[in-house]
Amino acid sequence: MTRKDRSNRDAVLHSFEDTCVMLPVNALLPVRTLRNATKSSRKYQQIAASIREVGLVEPPVVARAPSNPGTFLLLDGHVRIEVLKDLGIETVECLISTDDEAFTYNKRISRLSSIQEHRMIRRAIERGVPEEKIARALDVNPQTVRRKFRMLNGICDEAVAILKNKACPMVVFETLRKMKPLRQVEAAELLVNANNYSAAYASAILAGTPQAQLMEGARPKRLKGISPEAMVRMENELARLQEAITSSQATYGQDHLHLTIIKGYLAKLLGNARVVRYLMQNRPEFLAEFQTIADMTSTLPPEAAA
């Protein structure tokens, strides 16, 4: 192997050029159009407030347009560029990609969870950033910043670890705070297992929590129109649901594999005309069930397949 061959083999392909470049905003060609409602959305207002207060934090990603020197394809940052245009800013620092494929950008990354946002706010305040400045950057009032700062007060570490990457609204943690630590962990597991992080579901868990598992002075939220006897039944059903979910998780992977194999086998079996004719004449109820299984488009539940 020659030295040149070894050099080519060891070369590393960079996804971006080494340095950011200041470019005219008008030289950036969007690869998609924004919806008409974008500018009136809450997200747009927050981005605009952040740029006005602290400037552009994340540079837009562009690629050189091979057919038109001096212009660039805007791969990521369409909303940010639109905000800059509204603010009258004519140049922007951009990160230049060596590939013009936009599929892998913000649409595919994880969004900031409530716990991650809490930690960022807490760190900023501890470093001396005024609450009012943070509120202006996030386009919220200072009271909301203070609530986010205190969000995990009274929440046990185990529950925080379970929900650290989940899209839980702040009110969910305020509901968990009314429970004792062990119940907080159980409630967090219920939220994750159901893939439901809504305030209504958290309130239902609180309503089904026995008084002995609540913090001193806390009272479960009583749902309108539900009698004490119905609340007891709800508590029991919630406990059984949690046990059923926990037990099913242990065998879910194996059960899913078995179902996939069975589905494939039945599809092949029903491709044999003699077998279908026999089932039709002798076991028509089996034939209907076999066809239902073989025709399944997915062996996963709808929320997992999405």
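Two residues are in contact when heavy atoms of one lie within 4.5 Å of heavy atoms of the other. The views below show a predicted model.

**View 1. Surroundings of V172 in helix α8.** V172 belongs to helix α8, which covers residues 170-176. Is V172 buried or exposed? Its relative accessible area is 0%, so V172 counts as buried. Apart from neighbours within four places in sequence, V172 is in contact with L191, Y197, S198, A199 and A202. One of these partners, A199, stands 27 residues from V172 along the chain, yet the C-alpha atoms of the two are separated by 5.5 Å.

**View 2. The largest nonpolar core.** In soluble globular proteins, nonpolar side chains tend to be buried together. The largest such core here holds 25 residues. Within it, the residues with the most contacts are I115, L163, F173, L176, M179, L191 and I205. Which helices each supply at least two residues of this core? They are α7 (157-163), α8, α9 (181-194) and α10 (199-207). Helix α9 gives the largest share, five residues. Another core lies apart from this one and has 16 residues, including Y44, A48, I51 and C94.

**View 3. Close-up of L191.** L191 is among the residues with the most contacts inside the largest core. With residues up to four places away in sequence left out, L191 touches L163, V172, N196, Y197, Y201, A202 and I205. Two of these, L163 and I205, are also listed among the residues with the most contacts in the core. The contact between L191 and V172 appears in the list for V172 as well.

**View 4. The five-stranded sheet.** Strands of a sheet pair through backbone hydrogen bonds, either parallel or antiparallel. In what order do the five strands of the open sheet stand? The order is β1-β5-β3-β4-β2, and the pairing is mixed. Strands β1 (21-24) and β2 (28-30) are at the edges with a single partner strand each, so one side of each has no neighbour in the sheet. From one strand to the next, the twist averages 55°. Helix α3, made of residues 78-86, lies across β2, β4 and β5 and runs at about 115° to β4.

**View 5. Strand β3 and its two partners.** Strand β3 (residues 61-64) runs antiparallel to strand β4 (residues 72-76), and four bridges join them. With strand β5 (residues 91-97), β3 pairs in the parallel sense over three bridges. V61 shows both pairings: it stands opposite D76 in β4, and V61 also stands opposite L95 in β5.

**View 6. Edge strand β1 against β5.** Four bridges pair β1 with β5 in the antiparallel sense. Which residue of β5 stands opposite L23? It is V92. In a regular strand the side chains alternate between the two faces of the sheet.

**View 7. The aromatic pair in helix α13.** One aromatic pair is found in a search of the whole structure. Why is the pair of F286 and F290 called tilted? The ring centres are 6.2 Å apart and the planes meet at 40°, so the pair counts as tilted; the tilted class covers angles that are neither under 30 degrees nor over 60. F286 and F290 are four residues apart in helix α13 (residues 284-294), about one turn of the helix. F286 is partly exposed at 41% relative accessibility, and F290 is partly exposed at 24%. The ring of F286 also has the charged end of R283 over it, 5.7 Å from the ring centre.

**View 8. H118 and F149.** H118 lies in helix α4, residues 114-126. At 5% relative accessibility H118 is buried, because buried means under 20%. Beyond neighbours within four places in sequence, H118 is in contact with K148, F149, M151 and L152. Over the ring of F149 sits the charged end of R122, 4.7 Å from the ring centre.

**View 9. D139 in the loop between α5 and α6.** Most residues other than glycine have a negative phi, and most peptide bonds are trans. D139, which is not a glycine, has a positive phi of about 60°. It is located in the loop that joins α5 (131-138) and α6 (142-149). Its relative accessible area is 28%, so D139 is partly exposed.

Key:
Residues are numbered from 1 along each chain as its sequence is written. This is a predicted model: local features need pLDDT of at least 70, side-chain atom pairs count only at pLDDT 80 or more; totals for chains, interfaces and linings use all residues. Side-chain values use heavy atoms; hydrogens and water are left out. Two strands pair if DSSP finds at least two bridges between them. Buried means under 20% relative accessible area, exposed over 50%, partly exposed in between (1.4 Å probe, protein chains only). Axes are lines fitted to C-alpha atoms, for helices over the stretch in contact, and angles run from 0 to 180 degrees between N-to-C directions. Rings of Phe, Tyr and Trp (its six-membered ring) pair if their centres lie within 6.5 Å; planes under 30 degrees apart count as stacked, over 60 as edge-to-face and the rest as tilted. A charge sits over a ring if NZ of Lys or CZ of Arg is within 6 Å of the ring centre and within 35 degrees of the ring normal. A nonpolar core is a set of buried Ala, Val, Leu, Ile, Met, Phe, Trp, Tyr and Cys residues joined through side-chain atoms within 4.5 Å.
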